[in-house]
Structure formats: structure tokens, C-alpha cells
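Reader: I am new to this structure and should like to understand the terms used to describe it. Please explain the reasoning behind each one.

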Amino acid sequence: MSSRKSGNRYALLMYRRTWDRLWKPTFLLGAVLGIVWWQAGTAKLTLVQNANNLWVLIGAVVSFGTGLFAFFLRKMSYVQPYRSHFRLTTPFLRLKIAYRRIRSIHPVDMTQLFPPSEQGWAQRRFLTPLYGKTGVAVELRGYPLPRLLLRLFLPHQFFLPQVTGFVLLVEDWMKLSIELDARIGAWQSRQKQGKQEVSLLESIRRQDKNW
């Protein structure tokens, strides 16, 4: 598994949750506006004047388009391990995180990580479907980009509280954790072997000079 250039893709549930909150209401709004436009066009609805029919139609099309766009975006976010790094991919961000940045990887319970009693109303509502799930906490020595910039593309709950790192919430957290551990172990072995080879070459060169 660790010899492959790229690993499995694991859908990011946290990011999917973000878009789930958008596509459903926009689809509903588009349907309501579409019904209003159709009823007004057949003269069955007198609340909407003919002059406003075009704006109602535009609103319906925009709402449906936004909902459709958000529906497909929710499936375009994932984490994928590679030989020397793992990649966080979203529709608007591709982030490579080198294994040398990683301090530790361990499972976390979402309820304990973000206690409901300590969350605001909006955050608690966002996290409610995710409570009880287990994520993979990846503690880092530093972010590859400034946190303020990352916050423009990633949900607030994507970041570990109090420490530097990410919460990778996927369907099969154990499989992701095992694959990351295997790839990090293989990378460390290659690094160690490379250092030993360099040390051996330097030793041979010193011996040649002595001769």
C-alpha cells in the first residue's frame, strides 16, 4: 500500500456538511419561486404582477443553479495520502501537507473535541449530525499557509482547538489512520536510509583522501 504513489480518497464529512446546509434550502427556494412564476403565468396567482414575472423566473433559475452547484461541490472534497505528503482537496483549495510537518496522529471523538455546552447556537447546529462520530486528529508543527487564509476555504470546525492541526472526519477513520501511519512510516524509513547512504559516501570520501 505504501509503495503506491497515491492512496485512497476519503470524503471529508465536515466539508460536505457545509454544502449540505446550502443546497437543500436553495433547491427549496427555487421550487417555490418556480411554482410562483408558473402560477402567475397561468393567471391563477394574482399576487404577482406581470411586470415581476421575469424577476421571479430569474430568482428561480439562480436558486436552482446555486443548489445544483452546491450539491455537486459537496462530493468534491477529500483527503488523499501520497508518498511524502497527504493532500486536502476541496473545490477551491488544494493543500499539500508534508509528513515532516506532522507531530502526531490520533483518533478524536467529535463530542469531546467540540462539547455542545461550549458551542454557540450556530456551531452546535452545524455539529449536531457529526456528534458521536470519530475523526482523525492530525497535529502539525505549522500550517503550510497562514491560518487566516485557510479559514477562507475551510470550516471553523476543521481546525483543532488549542493546538495546530486539522480534524479529518471521514466515513472510515480507522482505514485512513492506518494508511497515514503506513505512509508516514515508509517515508521515515526512506529518509533514514537516505541519511545512512549520505553518511556512508562521506566516510568513503574521507578514506580516499587519507590514502
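Author: The exchange below takes up the chain as a whole, then a sheet, a helix and two residues. The model is predicted.

Reader: What makes up the chain, and in which pattern along the sequence?

Author: The chain holds 6 helices and 7 strands. Along the sequence they follow the pattern β-α-α-β-β-β-β-α-α-β-α-β-α. Of its 211 residues, 37% count as buried. The accessible surface comes to about 12,900 Å², and carbon and sulfur atoms account for 58% of it.

Reader: Why are β3 and β4 called a pair?

Author: Pairing requires at least two bridges between two strands. Strand β3, residues 85-90, and β4 are joined in the antiparallel sense over 6 bridges, so the requirement of at least two is met. One of the bridge partnerships links F86 to I97 in β4.

Reader: What makes β1 and β4 edge strands?

Author: The open sheet has 4 strands in the order β1-β2-β3-β4, with antiparallel pairing. Strands β1 (10-11) and β4 (93-98) each pair on one side only, and they are the edge strands.

Reader: How do you know what span to expect for helix α2?

Author: The expected span is 1.5 Å times one less than the number of residues. Helix α2, residues 53-73, has 21 residues, for which 30 Å is expected. From its first C-alpha to its last, α2 reaches 30 Å, close to that expectation. The buried residues of α2 are N53, V56, A60, S63, G67, A70 and L73.

Reader: Why is Q80 called buried?

Author: The relative accessible area of Q80 is 5%. Buried means under 20%, so Q80 counts as buried.

Reader: Where is Q80 found, and what does Q80 touch?

Author: Q80 is found in strand β2, residues 78-81. Leaving aside residues up to four places away in sequence, Q80 touches S6, G7, N8, R9, F86 and R87. The side chain of Q80 also reaches the backbone oxygen of G7 at 2.9 Å.

Reader: What makes the approach of Q80 to R9 a polar contact?

Author: The N or O atoms of such a pair must lie within 3.5 Å, one able to donate a hydrogen and the other to accept it. The side chains of Q80 and R9 are joined by a polar contact of 3.5 Å, so the distance satisfies the limit.

Reader: Is Q162 buried or exposed, and why?

Author: Exposed means over 50% relative accessible area. Q162 has 84% relative accessibility and therefore counts as exposed. Q162 lies in the loop between α5 (147-150) and β7 (165-168).

Reader: What is notable about the phi of Q162?

Author: Most residues other than glycine have a negative phi. Q162 is not a glycine, yet its phi is positive, at about 75 degrees.

Key. Residues are numbered from 1 along each chain as its sequence is written. This is a predicted model: local features need pLDDT of at least 70, side-chain atom pairs count only at pLDDT 80 or more; totals for chains, interfaces and linings use all residues. Side-chain values use heavy atoms; hydrogens and water are left out. Buried means under 20% relative accessible area, exposed over 50%, partly exposed in between (1.4 Å probe, protein chains only). Contact means heavy atoms within 4.5 Å. Accessible areas come from the Shrake-Rupley method with a 1.4 Å probe; for residues, only the protein chains shown count as cover.
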